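Student: I am new to this structure and would love a close look at one helix and its surroundings. Could you walk me through it slowly?

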Amino acid sequence: MSIAEAPATEAQGASAAAQPMRLTIDAPMATTNVQSHPVAFEVRDLAVSYGPKLAVRDVNLDIRSNAVTAFIGPSGCGKSTILRCFNRMNDLIPTARVNGQVRLHGEDLNGPSVQPVDVRRRIGLVFQRPNPFPMSIYDNVAYGPRRHGEKDGKKIDQIVEDCIRRAALWDEVKDDYRRKSGLALSGGQQQRLCIARTLATEPEVILMDEPCSALDPIATLKIEDLMSDLREQVTIIIVTHNMQQAGRISDQTAFFNMGDDRAGYLVEVGNTTDIFTNPRERLTEDYVSGRFG
Ligand code: ADP
């Protein structure tokens with residue numbers, strides 16, 4: 001599946017070439033109807049402010065399990081802010097205030113008895129820039145299990161190997177992963193190491209905030225392939241500015257925009273194929289066809 005940018009033809013002339021690129025789909029995208037998957041997250045009336053500034057409002061959305069959901073929309077409309085609500089990372093921003101509910105399998109993640117540390121173990125986050133710890137590849141992956149009390153060396157060995165394999169990094173590091181520093185890997189390998197490190201705490205969900213924006217096209221494709229494989233085991237939510245990427249890898253897409261009040265809101269959510277080929281809202285069509293943003 002892929003979405004290609006259809007360049008203006010010479011016959012269309014220079015003025016046509018100056019028009020925004022139009023996205024066309026040149027092969028079938030994911031045909032799965034993820035609306036039949038069980039709901040993992042229910043987001044209800046979510047609003048986030050930073051100090052006095054309302055950043056996002058009125059977000060109501062279901063995230064389907066064992067699927068990739070892409071968040072798209074113009075810069076500043078609140079995609080990362082919303083993503084951070086799924087594992088309580090906004091708790092770490094002193095001015096951030098979250099209202100509304102985010103429920104995982106019915107449990108309110110902001111409920112009084114819920115520990116943010118547990119939430120972040122169940123729901124991992126992969127950042128835009130790979131951030132391996134300054135330690136060996138092995139120790140990077142072993143970090144989470146050790147922190148959660150695992151002491152059995154053989155078991156840790158097994159977890160480390162398994163997670164490096166699942167992150168499609170094994171063949172490249174199997175000879176020296178015990179001594180080589182995570183920082184000595186290439187950018188794409190570092191990002192796969194960060195995914196391996198996230199997998200080691202057995203998350204149900206992995207959040208990814210533009211995980212490929214610092215990577216070259218080949219490293220990007222490897223991460224995309226990896227996401228396709230991982231969705232069998234985990235639920236993935238990815239923020240991406242790259243519409244082709246959203247089309248290639250996601251099953252469900254949520255399109256956000258900035259309102260006249262400068263707060264972000266959800267325009268629509270649906271199967272990726274529908275959002276790209278037959279959206280309900282004109283605004284969505286304008287965005288996915290490159291008319292603004
Ligand atoms: P997007 O991911 O769509 O680019 P963001 O979630 O990063 O949007 O930002 C949404 C709005 O919230 C922007 O106006 C941004 O400036 C503001 N914002 C994001 N993070 C912070 C923060 N830590 N403190 C204050 N304002 C923030």
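Tutor: Happy to! Let us start where helix α4 ends: α4 is followed by Gly149, a residue whose phi is positive, near 100°. Please keep in mind that this is a predicted model.

Now step back into the helix itself. Helix α4 covers residues 137-147. Its buried residues are Ile137, Tyr138, Asp139, Asn140, Val141, Ala142 and Gly144. What lies over them? The cover of these buried residues includes α5 (153-166), α6 (170-173) and α7.

Of these neighbours, let us follow α7. A pair of packed helices is described by the angle between the two axes and the distance between them. For α4 and α7 (residues 187-199), the axes come within 7 Å and cross at roughly 30°. The crossing of α4 and α7 is right-handed. On the α4 side, the contact is made by Ile137, Asn140, Val141, Tyr143 and Gly144, and on the α7 side by Leu193, Ala196 and Arg197. Sorted by class, the residues of this contact are five nonpolar, two polar and one charged. Several names may sound familiar: Ile137, Asn140, Val141 and Gly144 take part in the contact with α7 and are also among the buried residues of α4.

Let us return to the positive phi we began with. Most residues other than glycine have a negative phi. Gly149 is a glycine, but a positive phi also turns up at Asn66, where the value is near 50°. Asn66 lies in the loop between β4 (53-64) and β5 (68-72). Why is Asn66 called partly exposed? Asn66 has 18 other C-beta atoms within 10 Å, so it counts as partly exposed, because a buried residue needs 20 or more and an exposed one has 12 or fewer.

His105 offers another case, with a positive phi near 45°. This residue is found in the loop between β6 (96-104) and β7 (107-108). With 11 other C-beta atoms within 10 Å, His105 is therefore exposed.

One more place to visit is the ligand. Its shell includes Gly76, Cys77, Gly78, Lys79, Ser80 and Thr81, along with Tyr50 and Ile93. Helix α2 (residues 79-85) gives the most to this shell, with three residues. By class, the residues around the ligand are four nonpolar, seven polar and one charged.

Methods
Residues are numbered from 1 along each chain as its sequence is written. This is a predicted model: local features need pLDDT of at least 70, side-chain atom pairs count only at pLDDT 80 or more; totals for chains, interfaces and linings use all residues. Axes are lines fitted to C-alpha atoms, for helices over the stretch in contact, and angles run from 0 to 180 degrees between N-to-C directions. Helices (H or I, at least four residues) and strands (E, at least two) are DSSP runs, numbered from the N terminus. A crossing is left-handed if the near helix is turned anticlockwise from the far one by less than a right angle, and right-handed if clockwise. Two residues are in contact if their C-beta atoms, placed from the backbone, lie within 7 Å. Ala, Val, Leu, Ile, Met, Phe, Trp, Tyr, Cys and Pro count as nonpolar, Asp, Glu, Lys and Arg as charged, and the others, Gly among them, as polar. A residue is near a molecule or strand if its C-beta atom, placed from the backbone, lies within 6 Å of it.
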